[in-house]
Amino acid sequence: MRILVTDGMDKTAMATLRGEGHEVVEQFYDPDQLGKALRDFDVAVVRSKTKVRANHIDEAKGSRLKLIIRGGVGVDNIDVAYAEANGIAVKNTPRASSESVAELAMAHMFSCARYISIAGHSMREGKWEKKAYGKGIELSGKTLGILGFGRIGQKLCVMAKAMGMEVIASDIYHVPGIEEQLGMTYVDNDTLLEKADFISLHTPAVDGKPLIDAETIAKMKDGAVLINTSRGNNVDEDALLAALESGKLRAAGLDVYAEEPPKNAALYAHPNVSCTPHIGAATVEAQKRIGMEIVDIIRAM
């Protein structure tokens, strides 16, 4: 088969595919060129940068393209239903990056609790502001609310419990027996917002109204911390910035943004924001797992 890799892929996985007789082409295409290019491949492997929309599928349908694989958890950058209605299967790699995204969410929790991001930045400016950043808080004894309790949320739960945190979670689906297994409690959204000291988002992208906006922020504890490693449009960035500036929220840890690269400098440069450039799955280990999961999907065709 001819396999197109648009946004990069683990080298070992690509070597494995080539060793099994497939032609693997690494090439990013601009949106106006993507649809036509897809016609020449059996499989397309994308990550976050490449968006496969209905117009691309219209150009590619009826060709040799049979499968689009998203190397990662979400598939909101692919018009899945439209692709499948036109005979093009869509798969993702939901298991491979759970650990790495959960670890990054935990890292942002530490950063927000102890001013790690801004304190480190101030030292690089030659400052020694021990007093200014000497009012950190501990994670132990705090309540973590996880919105979206799938694989990533469950991994984060285990880490938080090890830190001595109480964990509550909200999800449309309740996994049988998991409350006893992990020592957490399912609650509704409003209860989570009211009780949690830290709130971490692990839901797919939402359509229409953001999951976190001025109304939901108003329900949160004063001084709560918001972590978002899910999708940028899950949070109303203007409402978040207003909450940070007013002191309603203590801090926010962000790995994803409504627009990427982000242009909302007032938000990502805010001293109470710990920010990273969408690197949740960007670990050596996760990329190897993603690569081999892609290989397994292609082998199963």
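**Two parallel sheets: exercises**

The 5 strands of one open sheet line up as β2-β1-β3-β4-β5, with parallel pairing. Strands here are DSSP E runs of at least two residues, helices are H or I runs of at least four, both numbered from the N terminus, and two strands pair if DSSP finds at least two bridges between them. This is a predicted model, where local features need pLDDT of at least 70, side-chain atom pairs count only at pLDDT 80 or more, and totals for chains, interfaces and linings use all residues. Residues are numbered from 1 along each chain as its sequence is written, and side-chain values use heavy atoms, leaving out hydrogens and water.

**Exercise 1.** Find the edge strands of the sheet with 5 strands, then see what joins β4 to β5.

*Solution.* Start at the edges: β2 (23-26) and β5 (89-92) each pair on one side only. Next, β4 (residues 67-70) runs parallel to β5, joined by 4 bridges. Zoom in, and isoleucine 68 has valine 90 in β5 as its bridge partner. Finally, add helix α13 (residues 284-299), which lies across β1 (2-5), β3 (43-46), β4 and β5 at about 160° to β4. Such angles run from 0 to 180 degrees between N-to-C directions, with axes fitted to C-alpha atoms, for helices over the stretch in contact; contact means heavy atoms within 4.5 Å.

**Exercise 2.** Work through the open sheet of 7 strands from its edges to its helix.

*Solution.* Write down the order first: β8-β7-β6-β9-β10-β11-β12, with parallel pairing. Its edge strands are β8 (185-186) and β12 (273-275). Helix α5 (residues 98-114) packs on this sheet, touching β6, β9, β10, β11 and β12, and makes about 145° with β11. Back at β8, its parallel pairing with β7 (residues 166-170) spans 2 bridges, and tyrosine 186 is the bridge partner of alanine 169.
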